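Grab a viewer and work through these exercises. Each one sets a task and then walks through a solution.

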Amino acid sequence: MKPFLILQLRPEQETADNEFEAILDKGGFERDEVVRIRLDQQSLPDDLRLSDYAGIIVGGGPGCVSDPVGTKDPIEKRIEDEILGLMPEVCERDFPFLGCCYGMGILGHHLSPGFVSKEHFGEPAGGVDCVLTDAGKSDPLLRGVPGDFRALVGHKEAVQALPNGAVHLVKSEPAPFQMLRFGQNVYATQFHPEADAHGFEVRINIYKHKGYFPPETANDLIEEIRREDVRFPEVILRNFKAIYAG
């Protein structure tokens, strides 16, 4: 079996490791079934070939594709450029791709530059009600996910309109574009399919001064998230592995 390529963007060791372990656990991956690259520490190999992998999973991160170029940290800018540099081939080949949170911004920006911004639809860290669209109800990656479910979110920017050529799969009232598909195999979620209460507690403590929520509310937010039932988003990761592992 070809390995899955997991690309991570988080520069903090604790959050990066926690996210990686969560993807393995929730997706049902063994360590020898994945190749992990932390893009804050290394660039994509010059000889990277998509055909060497079963699929790509992109994790979340604190960067925003809609931020002015001059405000981006140099490492953040390099990470963004490298992932965006993959998208033409990913979309042209319809290569299996699952972008989580930050991946929604990447896919949306690639398909329709300017469609991702902080104008509307940002969501503070916490749980949200998600609903499958008619297209979502028949999509294989959402097999086993009920028509409505809870998911964990936290993002400053969002897709403002359906990108060119994309199919709308999941919606919510605060952020209408919670999951999209391009072609048959390129996916992105605004929510975090790998996240659980423990993982979000780690992120809340790391990012509480990053503008996602008032820092003085961190402890109350952790308690709220501990009460969330977010068992269904992880089904997407398991389905991704099951569909593309062969």
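**Exercise 1. Decide whether Asn185 is buried or exposed, then find what surrounds this residue.**

Step 1. Asn185 has a relative accessibility of 19%, so Asn185 counts as buried (buried means under 20% relative accessible area, exposed over 50%, partly exposed in between, with a 1.4 Å probe and protein chains only). A note on the source: this is a predicted model, where local features need pLDDT of at least 70 and side-chain atom pairs count only at pLDDT 80 or more, while totals for chains, interfaces and linings use all residues. Residues are numbered from 1 along each chain as its sequence is written, and side-chain values use heavy atoms, with hydrogens and water left out.

Step 2. Place Asn185 on the chain: the loop between β10 and β11 holds this residue. Helices (H or I, at least four residues) and strands (E, at least two) are DSSP runs, numbered from the N terminus.

Step 3. List the contacts (heavy atoms within 4.5 Å). Leaving aside residues up to four places away in sequence, Asn185 touches Asp94, Phe95, Pro96, Phe97 and Tyr244.

Step 4. Look for a polar contact (a pair of N or O atoms within 3.5 Å; within protein, one must be able to donate a hydrogen and the other to accept it, and residues adjacent in sequence count only if both atoms are side-chain atoms). The side chains of Asn185 and Tyr244 make one, at 2.7 Å.

**Exercise 2. Work out which strands pair with β4.**

Step 1. Start with the strand itself, residues 97-100: Phe97 and Gly99 point one way, Leu98 and Cys100 the other, and all are buried.

Step 2. Check β3. Strands pair if DSSP finds at least two bridges between them, and β3 and β4 have three, in the parallel sense. Ile57 has Leu98 as its bridge partner in β4.

Step 3. Follow the chain from β3 through α2 to β4: this β-α-β crossover is right-handed (with the strands pointing away from the viewer, the path from the first strand over the helix to the second runs clockwise).

Step 4. Now β11, which pairs with β4 in the parallel sense over four bridges. Here Cys100 stands opposite Thr189.

**Exercise 3. Find which element gives the largest share of the largest nonpolar core.**

Step 1. Pick out the core (buried Ala, Val, Leu, Ile, Met, Phe, Trp, Tyr and Cys residues joined through side-chain atoms within 4.5 Å). The largest has 34 residues, and those with the most contacts inside it are Leu7, Leu39, Ile56, Ile83, Leu86 and Val90.

Step 2. Sort by element: β1, β3, α2, α3, β10 and β11 each give two or more residues. The largest share, seven residues, comes from α2.

Step 3. Zoom in on Val90, which touches Leu50, Ile56, Phe95, Phe97 and Val186, not counting residues up to four places away in sequence.

**Exercise 4. Classify the ring pair of Phe4 and Phe29.**

Step 1. Apply the rule: ring centres of Phe, Tyr and Trp (its six-membered ring) must lie within 6.5 Å; planes under 30 degrees apart count as stacked, over 60 as edge-to-face and the rest as tilted. The whole structure has four such aromatic pairs.

Step 2. For Phe4 and Phe29 the centres are 5.2 Å apart and the planes at 65°, so the pair is edge-to-face.

Step 3. Locate both rings: Phe4 is in β1 and Phe29 in the loop between α1 and β2, 25 residues apart.

Step 4. Check burial: Phe4 is buried at 0% relative accessibility, and Phe29 is buried at 6%.

Step 5. Widen the view: Phe4, Phe29, Phe240 and Tyr244 form one aromatic cluster.
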